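Reader: I am new to this structure and would like to understand how its descriptions are justified. Could you take me through the terms as we go?

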Amino acid sequence: MNKNLAFRRFFPLFFCLFFVTAYAEDGSRLWLRYESDGQANISGTFGVARDELQTNWNGGPVVLKRQKGMPKDGYKIVSDGEQIRISASTDAGLLYGAYHLLRLQGMGNVGKSLNIEESPMYEWRILDHWDNPDGTIERGFAGHSIFWENPCEFVIRQYARANASVGINGAVLNNVNAKPQTLDSDNLKQVQWIADILRPYGIRVYLSVNFASPIRLGGLTTADPLDKDVAGWWKQKVDEIYRLIPDFGGFLVKANSEGEPGPCDYGRTHAEGANMLARALKPHKGIVMWRTFVYAPNDPDRAKQAYKEFQPLDGQFLDNVILQVKNGPIDFQPREPYSPLFTSLKSTLVMAELQVTQEYLGAANHLTFLAPMWQEFFSLVKPASLKAIAGVANVGDNINWCGHHFAQANWYTFGRLAWNPNLTAETIAREWLAQTFTTDKRFVNPMTDMMVSSYETVVSYMMPLGLHHQFAGGHHYGPEPWYTAPGIRSDWTPAYYHRADSLGLGFDRSSRGTDAVSQYPDELRDQYDDIRTCPEKYLTWFHHVPWDYRMHNGRTFWDELCHKYDEGVHGARRMLAIWDSMMPYVDKERFAEVQRKLRIQARDSEWWRDACLLYFQTFSKRPIPQDVEHPVHNLDEMMKFRIHITNYENPECGYSK
Ligand code: GCV
């Protein structure tokens, strides 16, 4: 058992013995840091909502009551100054109402009279865990899985509370790169055990499935979705699951992508594959979330491939299939325009897949608050056009759950936005800061600004002006714009994306290039197609930009690129400086841990700037402008710089030349 998990497993014991009056501020309580004497006067419906309030509410009497006719998961909170009434038509609604009240308490903001009515934008608000059966987590930066290999009931219950407190109501328990053993009868018993813990918190479980399971688990000779035996095998498997877990949510499928099996192996379409599973799930009200993250070589531009594969299938999916589309057309890059599938699938249910874990945004070392990124997405993809929301989780068995205290904010944000995508980044940051640290304005105000600007800072020092996929080979943490390897597919190398040459930088996806712009609605197509109207944040995404191209601010493109990188570095240092000045308001454990990470981030930002600018300078052959800080490394040094992939948590020990 690893150290973290051992601690967690025995945490309740430690808690009772040592920490009744005071305990280390290790982040394990997340934003649920209620302080109460447990003497609240709570009446009405029994259940978790009542327990939560009984234990954690500090105010006057609260009555919980069932009321018919309210929207699913919705609630009302009304108070006349004497008594607070929470009403909802379901237990889950009452629980969400209870957490709303506790949130107000945590923010020091309950007020005398309340009149609140809420219901979620989406019926499905799901965390996808990329957890493997051996307990490792793909792209996880916070230790091991809380579900597989020595799971602990106490931890899973705390996880459920955290999710319910922000309205998350589903969890896919395993990696989309799914092993057939997921559906093994023994494994399903463990899934049942987890489902039983999560259920009282309104959370349903889902599984990622391997499309070749009928062969690899069931002993059939084919997994062809049109084969009767194959469909029969899935039906039996689904029936077995529902006997154990009557409210099982359904399947998530990664098919014909990055080597995973799928219907195309048998000459069938994604729709035929998804519908076969959907038929098995339908009698139980289960759903299929079918991912569109495919990049088959049907077009030389990877950004166009998923659209070309799925758009022609629009209208062919059954009504319990939801296509799960990553926010951008490539792969969770620091900044991408939205995937054009969102605006082109008119007769198919679609959900957005966001990445909470910071695979491409500094892992658990960089403070990157993701709310502004997701807001940017929602500014173009209308929330109402989506059926559901999924987020790739950043949760592991690390004592602070996410590896970085501020990465907890992204988990929190995912839930809050899945409930209400119109919330602003500022509102969410304020809520989270006040509940997680202190309500003191001298802390909350500067830290809100810092969090909200962190995303732009990170994009600036990593990949400004539309750059994407400039990561090192073997991991997605540091820069290696020069990276290549013998025999590697070209779209796994940075040069495929940056296309630097003596003329300029960027991928020409305009109508003169790959014409990816034509996958967008006319108005956006025209805007992106013209280098003068294309938003500068997407410039090298859509255009091969001449080094001397004049930017809106009058600088040449090369000079602007240098300025952007430099702004990023200065932004990272400013974050450290702001945090340093927060010392009076933060406990010393979390202060020191965040400070250590912000120092890593500031150093990494220089690494990004120096590596990228020095490398691109070999093409631009232009001087770095005098008014920006000049690289402090040499390119040949940068090219020898390596980080051991196992050492993200402590990269300064992992660096080698
Ligand atoms: C789960 C990217 C990641 C992979 C991930 C894949 C996906 O390629 O690097 O780790 O696999 O996306 O979303 O399926």
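Reader: What makes you say that the ligand sits in a pocket, and which pocket is it?

Author: The ligand sits in the second largest pocket. A pocket is an open set of points, on a 1 Å grid over the protein atoms alone, where a 1.4 Å probe fits and protein lies on both sides within 12 Å along at least five of seven lines; a molecule sits in it if more than half of its atoms lie within 2 Å of its grid points. This is a predicted model, in which local features need pLDDT of at least 70 and side-chain atom pairs count only at pLDDT 80 or more, while totals for chains, interfaces and linings use all residues. Residues are numbered from 1 along each chain as its sequence is written, and side-chain values use heavy atoms, with hydrogens and water left out.

Reader: How do you know which residues surround the ligand?

Author: A residue is near the ligand if one of its heavy atoms lies within 4 Å of it, and 15 residues surround the ligand, Glu-138 and Glu-359 being among the closest.

Reader: Why is the approach of Glu-138 to the ligand called a polar contact?

Author: A polar contact is a pair of N or O atoms within 3.5 Å, and a side-chain N or O atom of Glu-138 is 2.5 Å from an oxygen atom of the ligand, so the pair qualifies. A polar side-chain atom of Glu-258 lies 2.9 Å from a ligand oxygen, and one of Glu-359 lies 2.5 Å from a ligand oxygen.

Key: A polar contact is a pair of N or O atoms within 3.5 Å; within protein, one must be able to donate a hydrogen and the other to accept it, and residues adjacent in sequence count only if both atoms are side-chain atoms. On a 1 Å grid over the protein atoms alone, a cavity is a set of points where a 1.4 Å probe fits but cannot get out, and a pocket is an open set with protein on both sides within 12 Å along at least five of seven lines; lining residues have an atom within 4 Å of a point.
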